[in-house]
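Colleague: I'm new to this one and would love a short tour. Could you show me the model, and then I'll ask away?

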Amino acid sequence: MKIIIASDLHGSFYYVSKLIEQFNTLNADKLILLGDILYHGPRNDLPRDYNPKKVIGLLNSLKDKIVCVRGNCDAEVDSMVLEFSLLTPNRIIKIDGKTWHLTHGHKYNQNNPKPTVKTGEILLFGHSHIPFDGEINGARYLNPGSVSIPKQNSKHSFILYKDGEFIFKSLD
């Protein structure tokens with residue numbers, strides 16, 4: 001199974017197009033989105049080719065392959081135009097016999113571990129726009145960074161999960 005894990009798209013048609021291109025090229029089965037899908041947020045500059053309406057079309061074309069959690073910049077009005085569930089703040093899924101916790105990261109992250117994540121489980125989060133891969137209390141914490149507005153000199157990035165491994169990839 002191949003899964004692309006991405007966060008903080010912030011309405012960038014340019015970078016979401018590149019992400020979808022990678023999804024298709026890699027022949028991925030699922031796209032996990034960790035929030036902040038359409039709006040750029042009040043603290044961020046506009047990302048390259050900011051165009052939420054075009055992003056809606058790209059993502060809706062993959063609606064049956066998307067698993068998404070709500071970010072701090074996502075609103076109820078976004079759920080009226082996206083054809084996949086956006087408003088759930090946390091999800092738990094099973095992949096290859098492992099428990100994955102999905103969250104945006106503004107509440108739970110490497111600095112504030114989620115108390116329900118157990119040894120051997122995985123927490124996927126975004127929010128900071130900075131890639132992270134580390135172990136906390138026996139659990140693996142991963143942040144793919146940001147698709148459209150990377151911070152602290154990181155790249156426009158996502159994670160590819162393939163054959164039991166998490167591989168950080170760049171859109172640059």
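Colleague: Happy to start with helix H1. Which residues are exposed on the other side of H1?

Modeller: Keep in mind that this is a predicted model. Exposed here means over 50% relative accessible area. On the side of H1 away from its buried residues, those that count as exposed are Glu-21 and Thr-25.

Colleague: And where do the buried residues of H1 fall, seen down the axis?

Modeller: The buried ones are Tyr-15, Val-16, Leu-19, Ile-20 and Phe-23. Seen down the axis of H1, they fall within an arc of 140 degrees, so they line one face of the helix.

Colleague: What do the buried residues of H1 pack against?

Modeller: Their partners include one helix, H2 (52-60). The others are strands: S1 (2-6), S2 (30-33) and S9 (157-162).

Colleague: How far apart are the end C-alpha atoms of H1?

Modeller: H1 has 13 residues, 13-25. At 1.5 Å a residue, the helix should span 18 Å, and the model agrees, because the end C-alpha atoms are apart by 18 Å.

Colleague: Let's turn to Ser-148. Is Ser-148 buried or exposed?

Modeller: Ser-148 sits in the loop between strand S8 (139-143) and S9. A residue is buried when its relative accessible area is under 20%. For Ser-148 the value is 5%, so Ser-148 is buried.

Colleague: Which backbone oxygen lies 2.7 Å from a polar atom of the Ser-148 side chain?

Modeller: Ser-148 touches several residues, among them Asp-8, Leu-9 and Tyr-15. The backbone oxygen of Asp-8 lies 3.2 Å from a polar atom of the Ser-148 side chain. The backbone oxygen at 2.7 Å belongs to Leu-9.

How values were computed
Residues numbered from 1 in each chain as written. Predicted model: local features only at pLDDT ≥ 70, side-chain atom pairs only at ≥ 80, totals over all residues. Heavy atoms only, no water. Helix = DSSP H or I, 4+ residues; strand = E, 2+ residues; numbered from the N terminus. Expected span 1.5 Å × (residues − 1). Buried < 20%, exposed > 50% of the residue type's maximum accessible area, 1.4 Å probe, protein only. Arc of directions from axis to C-beta. Contact = heavy atoms within 4.5 Å. Polar contact = N/O pair within 3.5 Å; in protein donor to acceptor, adjacent residues only side chain to side chain. Lists of a residue's contacts leave out its neighbours within four places in sequence.
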